[in-house]
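Here is a short briefing to read alongside the coordinates. Keep the viewer open and follow the topics in any order you like.

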Amino acid sequence: MSSAGKIEEKDLRTSNERLKKYIRDKVNHLLSVMGTKPLGREELDDSTLIELDPIGIIARSFAQVLEHQKETNRRLTVAKDQLQAVFDTAGVCISIIDEDMRIVNCNEKQKELLVSPDANAIGRHCYEIYCGKDSPSLDCPAVETLATGRPVFIREVKKKNKHFQIVTSPLKDSDGNVTGVIEVSMDVTEKKKAEELMHQAEKLTAIGLLAGGIAHELNNPLGNILGYATLVLKDRESGLAPEHREKLEIIVEQAKKGSDIIRGLLDFSRQSVPSFSDVAIDGIIGKTMRTLQNRFSSQRIKTDVALPGALIVRADPRQIELVVLNLLLNSIQAFEAVSRRDKTIRVGASRDGDFVRVSIADNGPGIPGEVLPGIFDPFFTTKPIGKGAGLGLSICSGIIKEHKGSIHVSSEAGRGTEFVFLLPASGAPHPVETR
Ligand SMILES: Nc1ncnc2c1ncn2[C@@H]1O[C@H](COP(=O)(O)OP(=O)(O)O)[C@@H](O)[C@H]1O
Ligand SMILES: [Mg+2]
């Protein structure tokens with residue numbers, strides 16, 4: 001072989017080596033992109049490698065990469081859908097908030113409870129959408145998590161009249177900087193209401209026991225005072241001087257007032273057992289209104305009474321008198337604060353299915369919205385000391401409940417007040433438990 005031929009062969013070998021290295025490097029690069037081990041020399045020796053079609057290898061590898069990519073995408077989509085389903089069907093509210101406190105995403109429960117149907121929450125400030133405020137509140141757990149980068153658990157927060165337990169956790173980037181917050185909240189409104197009812201029932205039981213105990217203790221001595229004073233008054237031979245008779249009459253009158261208060265306490269503590277009979281509601285209302293006639297006229301209150309006869313209820317008449325009396329007294333007292341001329345109390349009764357409906361309405365000052373939820377609570381009063389003990393409405397609601405009826409109020413500040421109570425009509429099928 002000529003020296004020129006040797007040089008050519010050497011050049012060819014060098015160029016082959018370069019080509020093989022190029023192909024091997026490219027194939028291995030592709031394999032590494034696909035996450036596969038690089039080719040070993042034993043898997044594809046250099047002579048086979050050189051016979052292979054390099055473009056073909058790359059094309060096939062590329063097809064494999066694409067296939068792999070498609071499969072990865074499919075799996076990602078499935079995982080994303082599953083995650084979205086968990087996100088949306090979770091019984092708790094979940095919200096993702098960025099560092100400017102704007103909502104990045106929120107689930108269906110969060111929308112249902114805290115986002116008004118016409119609002120688009122995404123991109124808006126969470127305090128505006130979820131809390132109805134212009135700025136975050138000082139005790140907001142998301143603010144704290146954004147500032148400290150630590151999770152916060154809050155036992156209870158009130159948002160839009162609902163109660164929530166909230167947990168916030170930070171979202172961090174790869175450098176550990178806080179980029180947002182995940183807020184998970186659970187609606188505990190119903191649980192809280194149930195707890196409050198329990199608490200209320202316990203309180204009522206305790207107050208009832210105390211009031212009942214005191215009332216029983218006072219009842220006997222007061223009964224004795226009343227009995228003996230009446231005896232002396234009736235004794236024609238006692239030769240009482242007129243001024244002594246007058247004083248005795250005051251004693252009797254005051255003792256009777258004391259007895260009424262005690263009866264009220266016993267009613268409140270429900271220790272006087274109701275004795276049910278069939279009674280006409282117009283008779284009960286008429287009798288109670290007559291006892292208040294002086295109060296109506298001295299305060300220039302007009303009464304407008306619409307009572308059809310023949311409305312018979314199954315009730316303890318004395319207890320229903322007490323209910324009517326309390327409601328009328330409240331209206332009379334409410335008028336003390338107004339100077340209008342056309343003070344009117346409207347009293348009406350009508351049949352309402354298996355019930356008899358009684359309405360007592362005044363055009364007095366009304367009850368402000370913030371006061372309304374508490375008025376049936378025992379000892380709740382807006383009146384000055386000595387004017388109201390705050391027991392009237394709680395006694396009324398206790399009595400009506402015991403009669404398997406219901407009592408409601410509707411009122412607006414400045415527009416007057418209407419109380420409505422329903423009592424089972426006589427002869428109606430079994431009284432409904434609640435209404
Ligand atoms: N007709 C009414 N008009 C305005 N406020 C009323 C009326 N009835 C009840 N209220 C409000 O409800 C509160 C509770 O009433 P109640 O239980 O009878 O207790 P009290 O009369 O001793 O205050 C009252 O203090 C008053 O604020
Ligand atoms: Mg009252």
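Where is the place of Arg-300? Arg-300 sits in the loop between helix 10 (293-298) and strand 7 (302-306). Please keep in mind that this is a predicted model. The chain's domain assignment gives domain 1 (3-86), domain 2 (90-187), domain 3 (193-268) and domain 4 (277-424), and the C-alpha centres of domain 3 and domain 4 are 24 Å apart.

**Loop residues and backbone angles**

- Arg-300 is not a glycine, yet its phi is positive, at about 50°.
- Arg-300 counts as exposed because it has 11 C-beta neighbours inside 10 Å, and the cut-off for exposed is 12 or fewer.
- Lys-160 is another non-glycine residue with a positive phi, in this case near 45°.
- The loop that holds Lys-160 runs between strand 3 and strand 4.
- Lys-160 has 12 C-beta neighbours inside 10 Å, so it counts as exposed.
- Two helices are followed by a residue with positive phi: after helix 6 comes Gly-149, with a value near 75°, and after helix 12 comes Lys-404, with a value near 60°.

**Lys-343, a buried lysine in a loop**

- Lys-343 is found in the loop between helix 11 and strand 9 (344-352).
- Why does Lys-343 count as buried? Lys-343 has 20 C-beta neighbours inside 10 Å, and a residue is buried at 20 or more.
- Setting aside residues up to four places away in sequence, Lys-343 touches Gln-299, Arg-300, Ile-301, Lys-302, Phe-335 and Asn-363. Arg-300, from the loop described above, is one of these partners.
- Lys-343 and Ser-185 are separated by 158 residues in sequence and by 50 Å in space, taken C-alpha to C-alpha.

**Helix 6 and its two sides**

- Helix 6 covers residues 141-148, and its buried residues are Pro-141, Ala-142, Thr-145 and Leu-146.
- These buried residues are on the same side of helix 6, because they cover an arc of only 135° around the axis.
- Ala-147 and Thr-148 are exposed on the other side of helix 6.
- The cover over the buried residues of helix 6 includes strand 1 (93-98), helix 5 (126-131), strand 3 (152-159), strand 4 (162-172) and strand 5 (178-187).

**Helix 9 and its buried side**

- In helix 9 (residues 281-291), the buried residues are Ile-281, Ile-284, Ile-285 and Thr-288.
- They share the same side of helix 9, since their arc around the axis is only 90°.
- Strand 6 (277-280), strand 8 (312-315), helix 11, strand 9 and strand 10 (355-362) are what the buried residues of helix 9 pack against.
- Thr-291 also belongs to helix 9, but Thr-291 is exposed, with 11 other C-beta atoms within 10 Å.
- From Thr-291 to Leu-325 there are 34 residues in sequence and 9.0 Å in space, C-alpha to C-alpha.

**Helix 11 against helix 12**

- Two packed helices are described by the angle between their axes and the distance between the axes.
- Helix 11 (residues 317-335) and helix 12 (residues 392-402) pack at about 145°, and their axes are 9 Å apart.
- Is the crossing of helix 11 and helix 12 left-handed or right-handed? The crossing is left-handed.
- On the helix 11 side, the residues that meet helix 12 are Gln-319, Leu-322, Val-323, Asn-326, Leu-327, Leu-329 and Asn-330. Their counterparts in helix 12 are Gly-392, Leu-393, Ile-395, Cys-396, Ile-399 and Ile-400.
- Sorted by class, this contact has nine nonpolar, four polar and no charged residues.
- Helix 12 is mostly covered, with nine of its 11 residues buried. These are Gly-392, Leu-393, Ser-394, Ile-395, Cys-396, Ser-397, Gly-398, Ile-399 and Ile-400.

**Phe-421 in strand 12**

- Phe-421 is part of strand 12 (residues 416-424).
- Phe-421 is buried, as 24 other C-beta atoms lie within 10 Å.
- Not counting neighbours within four places in sequence, Phe-421 is in contact with Val-323, Val-358, Ile-400, Gly-405, Ser-406 and Ile-407.
- Val-323 and Ile-400, both among those contacts, also take part in the meeting of helix 11 and helix 12.
- Phe-421 and Ser-359 are 62 residues apart in sequence, while their C-alpha atoms are 6.6 Å apart in space.

Note on methods. Residues numbered from 1 in each chain as written. Chains lettered and ligands numbered in written order. Predicted model: local features only at pLDDT ≥ 70, side-chain atom pairs only at ≥ 80, totals over all residues. Helix = DSSP H or I, 4+ residues; strand = E, 2+ residues; numbered from the N terminus. Arc of directions from axis to C-beta. Contact = placed C-beta atoms within 7 Å. Axes fitted to C-alpha atoms, helices over the stretch in contact; angles between N-to-C directions. Left-handed = near helix turned anticlockwise from the far one by under 90°. Nonpolar A, V, L, I, M, F, W, Y, C, P; charged D, E, K, R; others polar. Domains from an automatic or database assignment.
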